[in-house]
Structure formats: C-alpha cells, structure tokens
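Reader: Could you take one part of this model and walk me through it closely, going from the element itself to what surrounds it? I would like a connected account rather than a list.

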Amino acid sequence: MSLWVFAYGSLLWNPGFKVLRQEPATLPGYSRSFCMRSIHHRGTEKDPGLVLALDETTGAACSGVALQAGGDHDAVLAYLRERELVSSAYLEKVLEVQLPGGQQVTAVTYVIDPDHVQYCGALPLEEQAQIIARAVGGRGPNSEYLYNTARHLDEIGIRDAELQWLSDRVRVLCG
C-alpha cells in the first residue's frame, strides 16, 4: 500500500523523507495561508513568526504536490509527526487529493486547528509581511521559509498571488 503526503509549504522543498514519485495535486475545501504563529521553527514564543497552514475554507482548493513516500512508512509517519505536530497546532488528517486526469489518492495532510492558540487566520497581508520580515526561529529566518516556498511553487507552475506579494514586500522590508 502506498503512503502519500500532501505538500503545500516546506514539504515541497524539504520533505525530509525519500520520495518515490510526486504529482501535482489539488486539495478541495482548504486554502493555503500564513495563519499559524510559529513559536519553534520560524519564530519564538517571545517573537512568533508565521508559517503556512491549510485553513478549511468553503469553496476553496489548494494546489500543491502529492508525494509518494518511499522506505518504511511507519518511520516516515513518525518523522512527519515529530516535525509537524511539535505544538499540536496542526491536525493530521487523511484526505482525498486530486491528481491530473481525475485520479484521486488518499494523502496524509497537515491542516490548522482553528481552535488552537497559534491560529491567526485573516491577518492583513501587510501585517503578515511585517512579522515574516523580522521573525527568526530554530530553523532560521521566517523570510527564508517564505522565499523558498514561493520559489518552489513558481518552479512547479503554481502561481500563488498572495505568496508572491508577500515575497516582494518582505524583500523590500528586509532591505
């Protein structure tokens, strides 16, 4: 049996596990946004950054990539849980994602818990840019996370206007 993981943020450019196959994928009912305060990886408790999460949104669809994991599936899941569930702001769900040609696969997907204290949906884009420009966490500058994600989405042909605007604005703020 295959293990698929839906990638929409840092898993695009840093999956951390062997990938056998990757396919463009769409997850209906969710939107990608900087709606999670990062207190570990891209910020601190004193000065939180922002990271992308999937926010359940009626009528939305998030474009990303379905990654077919290689190796020991239990080890891959253990790695992902340690990485993604570090503060329990994400919920692990198994959801249907659509591949090209109408094929669907079931993929492990990390979505935001809107009831978690780190949830911060609907922040104005300028406020997001200000936070991302200054925050730094255990995995480095918040701006690096933004730039890497925006670049990788662009490289695979996924245009995300908000991420592009944020990337341009943060570059100006960082000088």
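Author: What follows is a close look at helix α5, and then at the elements and residues around it. The model is a predicted one, and the description should be read with that in mind.

Helix α5 takes in residues 161–174, which makes 14 residues, and the distance from its first C-alpha to its last is 20 Å, close to the 20 Å expected at 1.5 Å a residue. Leu-163, Leu-166, Ser-167 and Val-170 are the buried residues of this helix, and they cover an arc of only 105° around the axis, so they lie on the same side of α5. Ala-161 and Val-172, on the other side of α5, are exposed. Both ends of the helix can be described as well. At the N-terminal end, Asp-160 acts as the cap, with a side-chain oxygen 3.2 Å from the backbone nitrogen of Glu-162, while the residue that follows α5 is Gly-175, which has a positive phi near 70°.

The cover over the buried residues of α5 includes two strands, β2 (19–38) and β3 (49–69), and two helices, α3 (125–134) and α4 (142–155). Helix α4 offers a specific residue to follow, since Thr-149 is found there. Thr-149 has a relative accessibility of 0% and therefore counts as buried. Its side chain reaches the backbone oxygen of Tyr-145 at 2.9 Å. If residues up to four places away in sequence are not counted, Thr-149 touches Tyr-8, Gly-9, Ser-10, Trp-13, Leu-52 and Leu-163; of these, Leu-163 has already been named among the buried residues of α5.

Strand β3 can be followed from Gly-49, which lies in that strand and is buried, with a relative accessible area of 0%. Leaving aside neighbours within four places in sequence, Gly-49 is in contact with Met-36, Arg-37, Ser-38, Arg-42, Gly-43, Ile-131, Ala-135 and Asn-142. Tyr-30, by contrast, is 19 residues from Gly-49 in sequence and 22 Å from it in space, C-alpha to C-alpha.

Strand β3 also leads on to β1, because the two pair in the antiparallel sense over four bridges, and within this pairing Phe-6 has Ala-66 of β3 as its bridge partner. Strand β1 is covered on both faces, with Trp-4 and Phe-6 buried on one side and Val-5 and Ala-7 buried on the other. With β5, strand β1 runs parallel and is joined by two bridges, and there Val-5 stands opposite Val-108. Strand β5 (residues 104–112) is in turn joined to β4 (residues 90–98) by nine bridges, and these two strands run antiparallel. Tyr-90 has Ile-112 in β5 as its bridge partner. The hairpin that β4 and β5 form has five residues between the strands, and in it Gly-101 takes a positive phi near 80°.

A second helix, α2, can be set beside α5 for its layout. Helix α2 (residues 73–84) has twelve residues, which should span 16 Å at 1.5 Å a residue, and its end C-alpha atoms are indeed 16 Å apart. Its buried residues are Val-76, Leu-77, Leu-80, Arg-83 and Glu-84, and they are on the same side of α2 because they cover an arc of only 130° around the axis. On the other side of α2, Asp-74 and Glu-82 are exposed. The buried residues of α2 have a cover that includes β1 (4–7), α1 (10–13), β3, β4 and β5; β3 is also among the elements that cover the buried residues of α5. At the start of α2, a side-chain oxygen of Asp-72 comes to within 2.9 Å of the backbone nitrogen of Asp-74.

One last point concerns the cysteines. The structure holds zero disulfides. The sulfur of Cys-35 has that of Cys-120 as its closest cysteine sulfur, but the 6.5 Å between them is too far for a bond. Cys-35 is buried, with a relative accessible area of 1%, and Cys-120 is buried too, with a relative accessible area of 6%.

Methods
Residues numbered from 1 in each chain as written. Heavy atoms only, no water. Expected span 1.5 Å × (residues − 1). Buried < 20%, exposed > 50% of the residue type's maximum accessible area, 1.4 Å probe, protein only. Arc of directions from axis to C-beta. Contact = heavy atoms within 4.5 Å. Polar contact = N/O pair within 3.5 Å; in protein donor to acceptor, adjacent residues only side chain to side chain. Disulfide = S-S within 2.5 Å.
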